[in-house]
Structures are given as structure tokens and as C-alpha cells.
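Hi,

Here is the structure I promised to pass on. Have a look at it first, and then read my notes below.

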Amino acid sequence: MVLEIKNISKNFGGISALTNVTFSVGEGEIFGLIGPNGAGKTTMFNMITNLFSPTSGEITFADETVTGVKPHLITEKGICRTFQNIRLFPQMTSLENVMVGGHCRIKSGVFSSVIRTKAQRNEEGRLRETAKELLELVGLSDEIKTAAENLAYGQQRRLEIARALASNPKLLLLDEPAAGMNETETASLFDLIKKIQARGITILIIEHDMPLVMKLCDRIMVLNFGKKLAEGTPLEIQNNQAVIEAYLGSEEDEESA
């Protein structure tokens, strides 16, 4: 398994955001993480990338325990993410934004960068070419010189994915990548994520667009009130009564309303 989450819990004061959640993600898999608002999905992403340290439990990536490892080291190990709220550098060009994502792989130090050694220039050139290739992958090759703030919303979403890919991840975490997209943009996103999977990258995705999730994911886990409710194939999740009730409410709920 690429990622193993073992009995992860997270408490904020007296509030339990996650309680003893366990699941694993296989190599090359697209694994969906779904649940109602407030279920703890983004908190789980924050645990994996150690923006928050878990209260208890263990996280293993590529057979190495990464619980509590500093976020920049998590990226170096091969985990990268996008955010629910787009976090681009608005006044930088598309190319510059993607190149920023690849700087964690640059070996040249501050001194080499200041005096512009040949090795540093070569590294920068390779990074620039990689960034151009990634912009082509996400359909933004015509927007290389465009400032991020001048891109359409759907383009900004794809740019953020390109920037994450520039870090050369083994595991890509996508936090609601289809949020705010129209039907055409969502279809384009589906194709992009499948292309990323074809490059050998494992994907863990949070998403509220159920048709997209059911079509895209190999397996899905459902969170509800911070606890694991169900896990299985898209078909198994669609037919799970507990999941249906979590999203739509039970007959008893309707009768008491």
C-alpha cells in the first residue's frame, strides 16, 4: 500500500474531528474520500500533510512512518496536495506558479542561486521545461505568460494541480477540485485526473460531485461526524443504506421533521 492510515484521531479541545479512522490506498489507485460537510475530510488531508498533528494514530507512506513529519519533508517524500480554496500566487504567471512547485526538487543552494552557477542555470532550465510540459498536460499551454489572477476559475483549478505535479509526487491529494466548475469543466477535470493516474501517480480525492466520484474512483471511503461509515467500490457505496441515510436522512428523520 502507498498510504496507510491507522486509527487516526484528532481532537480540537473537547471536539473530536476524527475518531479512530483506518483505511489504506493502493499504488496507482484513485481513492475517494466523501461525506457530508463537517465530516472531517479536509482534517484528514491536514493530518496526512501534517498541517495538524494527529492526537493519536499512525500514518505510513511507502512503508515509512510519517506521523508528525514536517510538512516540507512530507512534500520531499512524495506527497503533495491542492487546497479547497485556491492558493496560487495571483500576480505571478502560470509558468512561474508551476515552477514554484518544483523548487523542492532543486539541489542548488542559496549561494549557487545568487551567483548563478552553470549547474544552477541548468537546473532552472530543466525545471522551466518541466513546468511547460505540465501546463500542456493541464490544458494551459496558451496561458504560460498569463498572470494567475487573470485566468478563469476552472483554469486556476488546473493550474494549482500543475503546480502540485511539479513537485513530482507519488501521492497527489486533491481537495474538492471540481468545486465551482460547470459541467464542461468537470468533464475536462475527469480526463485530466485519469491522465495523471496513467502517469503512475496515486490519487486521494475529496469531492462533493457524486457523479464524478462514482465514475472516477476505484474505491471510496465515507466519513460521517469524524468516523468511518463505509468503504468499498462505487457500486457498494451507492447501495449502502447507511451512506444513503447520511446524505439523504432516514425515514424516521423525515417522520420526526
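Before anything else, keep in mind that this is a predicted model.

Let's start with the charged side chains. Side chains of opposite charge can pair when their charged atoms come close. The structure holds 8 salt bridges, and a few of them join up: E29, R219, K228 and E231 are linked in a network. Try following it from R219. This residue forms a salt bridge with E29, with the closest N and O atoms 2.5 Å apart. That pair ties together distant parts of the chain, since R219 sits in strand β9 (residues 219-224) and E29 is in the loop between β2 (15-25) and β3 (30-34), 190 residues apart. R219 also meets E231 in a salt bridge of 2.6 Å, N to O. Here the link runs between strand β9 and strand β10 (residues 227-232), where E231 lies, and the two residues are 12 apart. E231 then forms a salt bridge with K228, the closest N and O atoms being 2.5 Å apart.

Which members of this network are buried, and which are partly exposed? E29 is buried, because its relative accessible area is 11% and the cut-off for buried is under 20%. E231 is partly exposed at 30%, and K228 is partly exposed too, at 36%.

Next, the helices. α1 (41-48) is largely enclosed by the rest of the structure, because 7 of its 8 residues are buried. Among them are M44, F45, M47 and I48. Just after α1, N50 takes a positive phi of about 60 degrees. L51 is in the loop between α1 and β4 (56-61), and this residue is partly exposed, with a relative accessible area of 44%. L51 joins F12, I15 and F52 in making a nonpolar surface patch of about 370 Å².

How do α6 (residues 153-165) and α7 (residues 183-198) lie relative to each other? Their axes come within 11 Å and cross at roughly 10 degrees, and angles under 35 degrees count as roughly parallel, so that is what these two helices are. G154, R158, I161 and L165 in α6 meet E185, S188, L189, L192 and I196 in α7.

One last residue to click on is T93, in the loop between β6 (79-81) and α3 (94-102). T93 is buried, with a relative accessible area of 19%. Leaving aside residues up to four places away in sequence, T93 touches I144, K145, T146 and A147.

Cheers

Methods:
Residues numbered from 1 in each chain as written. Predicted model: local features only at pLDDT ≥ 70, side-chain atom pairs only at ≥ 80, totals over all residues. Heavy atoms only, no water. Patch = residues over 30% accessible without salt bridge, like charges linked within 9 Å, V, L, I, M, F, W, Y side chains within 5 Å. Areas by Shrake-Rupley, 256 points an atom, 1.4 Å probe, with all protein chains shown as cover. Salt bridge = Lys/Arg side-chain N within 4 Å of Asp/Glu carboxyl O. Helix = DSSP H or I, 4+ residues; strand = E, 2+ residues; numbered from the N terminus. Buried < 20%, exposed > 50% of the residue type's maximum accessible area, 1.4 Å probe, protein only. Contact = heavy atoms within 4.5 Å. Axes fitted to C-alpha atoms, helices over the stretch in contact; angles between N-to-C directions. Parallel < 35°, antiparallel > 145°, perpendicular 65-115°, else oblique.
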